[in-house]
Amino acid sequence: MRTKALGVVAVALAGLLTMTACGSNSSSGSSSSSGGSGGGGGNGTVGVILPETATSARWEGFDRPMLQKAFKAQGFDADIQNAQGDVQKFSSLADGMIAKGVKVLVIASINSEVGTAVANKAKKAGIPTIDYDRLNLGGSSDYYVSFDNVGVGQLQGQGLATALKDNRGAQVIEIEGAPTDNNATLFHDGQEKVLKPLYDSGALKLVHSQPIDEWDNQKGGQVFEQLLTGNGGKVDGVVAANDGLAGAIITVLKKNGLNGKVPVTGQDATADGLRAILRGDQYMTVFKPIQDEADAAAKLAAALVKGDKAGADALATAVSKDTKGNRDVKSVLLTPHLVTKAEVKQVVDQGYIKASELCSGDVSAACGQLGIS
């Protein structure tokens, strides 16, 4: 499943793009309502809990404003809070929203345990919940909105396989996401669909595959360096589960004079990841149009508030398996897109990041060659 055509993405606000390019996050942990002239609020308030900011700029840089915009379009205020990676804070934020009587609770959980506990509390209070981006295994949410995360992994595997196609027996190190994040499991499952047959045939050689607790970029870099050293400083390709881990890996490769020589995968199409691709240090990333995800969550929430189960089911046409709860969860699963150097311009052209914010410093020449302006 190699997808080259990029989906339509709403243009992000200029300030949003600046935050993402710098990897910074504003209003962390603060509430955010969609009030203002011309809409919002008429149907009540939806609560949204985001997980953290330490490992990815997406949550504050993209999800927050895009969810706010999407819920406003559906006639809701959005109380959006960020737990900053703290499970106790995640739980207390949920308690506050439940006590306030939000119409729907949207959960982008830190892990399945806290996500499940929060969903169960909301259910007792009669508040519908939606698992957002990450499915809570063993949970009670009736709906789930995300991307095809097995598909994300397949794109990563295909990207690496393409980069190494002329290097039989190439040695690969895999640096995966948090073992407590079901998405990380799905990414790896997708990678395996592509890479395991190549490992089995000897076309590629797996040195080691290591999940990284809490998606910790610094730890990911340290683990990669240890694996590289243990393999005699030899590696031909690296599966990195997201752009943050890819950046840490590239730092290690630079120390060893290997950057630009070893293809590295990624995910999220962050500003740093796209720059690394333009430099030639990262081979590919996976682009997920977050506005589409936010819009789907808002439409689903609107149907649940109206008690329109048929309408909700019409939106959630896919099914995700909760392996812990042994249940099928009705899902909206959106299409991810592979981005190599040749596709970076398409991301810019569709408003995901501005050329002026991407094409500075040492990547300006690459932007010129690709017609990015």
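Two strands pair if DSSP finds at least two bridges between them. Helices (H or I, at least four residues) and strands (E, at least two) are DSSP runs numbered from the N terminus.

The model is predicted: local features need pLDDT of at least 70, side-chain atom pairs count only at pLDDT 80 or more, and totals for chains, interfaces and linings use all residues. Residues are numbered from 1 along each chain as its sequence is written, and side-chain values use heavy atoms, with hydrogens and water left out.

**Exercise 1. The sheet of seven strands**

Task: State the strand order of the open sheet of seven strands, and identify its edge strands.

Solution.
- Step 1. The order is 2-1-3-4-5-11-10, and the pairing is mixed.
- Step 2. Strand 2 and strand 10 (318-322) are the edge strands, each pairing on one side only.
- Step 3. From one strand to the next, the twist averages 25°; angles run from 0 to 180 degrees between N-to-C directions, and axes are lines fitted to C-alpha atoms, for helices over the stretch in contact.
- Step 4. Within this order, strand 4 (residues 129-132) pairs with strand 5 (residues 143-147) in the parallel sense over three bridges. Isoleucine 130 stands opposite tyrosine 143 in strand 5.
- Step 5. Helix 10 packs on the sheet, touching strand 3 (104-107), strand 4, strand 5 and strand 11 (327-334); contact means heavy atoms within 4.5 Å. The direction of helix 10 makes about 170° with that of strand 5.

**Exercise 2. Strand 1, helix 2 and strand 2**

Task: Determine the handedness of the β-α-β unit made by strand 1, helix 2 and strand 2.

Solution.
- Step 1. Strand 1 (residues 45-50) and strand 2 pair in the parallel sense over six bridges. Valine 48 has isoleucine 80 in strand 2 as its bridge partner.
- Step 2. With helix 2 (residues 58-73), these strands make a right-handed unit: with the strands pointing away from the viewer, the path from the first strand over the helix to the second runs clockwise.
- Step 3. In strand 2 (residues 77-82), five of the six residues are buried, that is, under 20% relative accessible area, against over 50% for exposed and partly exposed in between (1.4 Å probe, protein chains only).

**Exercise 3. Two helix pairs**

Task: Classify the crossing of helix 2 with helix 10, and that of helix 3 with helix 4.

Solution.
- Step 1. The axes of helix 2 and helix 10 (residues 290-305) come within 8 Å and cross at roughly 40°. Helix 2 is therefore oblique to helix 10: angles under 35 degrees count as roughly parallel, over 145 as roughly antiparallel, 65 to 115 as roughly perpendicular and the rest as oblique.
- Step 2. For helix 3 (residues 87-100) and helix 4 (residues 112-124), the axes come within 10 Å and cross at roughly 15°. These helices are therefore roughly parallel to each other.
- Step 3. Helix 2 passes helix 10 in a right-handed crossing, and helix 3 passes helix 4 in a right-handed crossing. A crossing is right-handed if the near helix is turned clockwise from the far one by less than a right angle, and left-handed if anticlockwise.
- Step 4. Residues of helix 3 that meet helix 4 include Val87, Phe90 and Ile98, with Val114 and Val118 among their counterparts in helix 4.
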